[in-house]
Amino acid sequence: HRAMEEADALGDDSGPEALRAAASRLHEAAVAAQEAGVAEAELQAALDRVSQLQGEAAELEATAAQSKCCGWPWCVFCAGRPEAQTSEARFDETVALSSGARWDGEETIQARRQQEQLEDELRKLRLPDGTKCKYSSTRWNGWVSAIVTGFDANAGTYDLDVKDGARLELISPDGRVTQREAWPIGSPVSYKSDTAGGRFLPAVIEGFNAGADGADGTYDLDIKARSACERIRPRLL
């Protein structure tokens, strides 16, 4: 009852962390009550409240993420991003646990493992540290050479030797590199297509053509061969 009262006492200005904390306490109290012999039917109101709190937290997180969106069609904060789906996955996990007959945490462990696998896949697809690129700098009023030094999975940005937290739309391949230094085959990118009205389309790198006599190299994409580097941007998925 105390956990239920605490949950009901939350105000409209409560953040997602407070909502999730209250949902966790209420969930633990319900588990303890069931273990003590309380019938699941008598706990239904508490279970419904857990689901409601998780859902409200997920909505707040999604709204906060969208408010950070830079307008880039395939940035980490746009529709379809795995990070946005993480909140939904946690909500679905809670609903499954609340409505199921088992309380041994098996579903929770499985959901976490799936999330870890997804994060591993993201790390494999991102540009590795040491990758040469170009960065569109307002300070230098143009594109400057840069090197990837890190990646922020939460923000969906790259750390470069010339700029921390560089957004995807400000990064492009460096055309004057060797085959060994080119962006890896299989890397997801976005390509600015004239036939699509100048929109950026999702693509995947299939090869690199080194430039001759000081000219920039080009990339073969699954949607366009010999694509100019200035038309390419990194993409998360």
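## A tour from the core outwards

Select Leu160, Trp183, Tyr219 and Leu221: of the 25 residues in the largest nonpolar core, these touch the most other members. Colour the strands next, since at least two residues of this core come from each of β1, β2, β3, β5 (188-193), β6 (199-209) and β7. In soluble globular proteins, nonpolar side chains tend to be buried together. Keep in mind throughout that this is a predicted model.

**The open sheet**

Show β1 to β4 as a cartoon. Together these four strands make an open sheet, ordered β3-β2-β1-β4 and paired in the antiparallel sense. At the edges stand β3 (157-160) and β4 (171-173); each has a single partner strand, so one side of each is left without a neighbour in the sheet. On average, neighbouring strands in this sheet are turned by 60 degrees against each other, ignoring direction.

Now zoom in on β1 (residues 132-137) where β1 meets β4: the two strands pair antiparallel over three bridges. Select Cys133 and look across to β4, where Pro173 stands opposite.

**Thr157 in the edge strand**

Move to the other edge and select Thr157, which lies in strand β3. Is Thr157 buried or exposed? Its relative accessibility is 11%, so Thr157 counts as buried, the cut-off for that class being under 20%. To see what surrounds Thr157, display Phe151, Asp152, Gly165, Ala166 and Arg167; these are the residues in contact with Thr157 once its neighbours within four places in sequence are left aside.

**Two aromatic pairs**

How many aromatic pairs does a search of the whole structure find? The search finds two. For one of them, select Phe151 and Tyr158: the ring centres are 5.0 Å apart and the planes stand at 50 degrees, so the pair is tilted. Phe151, already met as a contact of Thr157, is partly exposed at 22% relative accessible area. Tyr158, at 1% relative accessibility, counts as buried.

For the other pair, select Phe208 and Tyr219, whose ring centres lie 4.7 Å apart with planes at 50 degrees, so this pair is tilted. Phe208 belongs to strand β6 and Tyr219 to strand β7, and the pair links distant parts of the chain, with the two positions 11 residues apart. Phe208 is buried, with a relative accessible area of 8%. Tyr219 counts as buried at 1% relative accessibility, and is one of the core residues selected at the start.

**The loop between β7 and β8**

From Tyr219, step to Lys224, in the loop between β7 (218-221) and β8 (227-228). Which residues does Lys224 touch, not counting residues up to four places away in sequence? They are Tyr191 and Tyr219. Lys224 counts as partly exposed, at 39% relative accessibility. Add Ser193 to the selection: 31 residues separate Ser193 from Lys224 in sequence, while their C-alpha atoms are 9.0 Å apart in space.

Stay in the loop between β7 and β8 and select Arg226. Arg226 is exposed, with a relative accessible area of 58%. Its phi is near 50 degrees, a positive value in a residue other than glycine. Most residues other than glycine have a negative phi.

**The loop between β1 and β2**

The last stop is Asn141, placed in the loop between β1 and β2 (142-152). Asn141 too is a non-glycine residue with a positive phi, near 55 degrees. With a relative accessible area of 72%, Asn141 is exposed.

Notes:
Residues numbered from 1 in each chain as written. Predicted model: local features only at pLDDT ≥ 70, side-chain atom pairs only at ≥ 80, totals over all residues. Heavy atoms only, no water. Pairing = 2+ DSSP bridges. Axes fitted to C-alpha atoms, helices over the stretch in contact; angles between N-to-C directions. Buried < 20%, exposed > 50% of the residue type's maximum accessible area, 1.4 Å probe, protein only. Contact = heavy atoms within 4.5 Å. Core = buried A, V, L, I, M, F, W, Y, C linked by side-chain atoms within 4.5 Å. Phe/Tyr/Trp six-rings, centres within 6.5 Å; stacked < 30°, edge-to-face > 60°.
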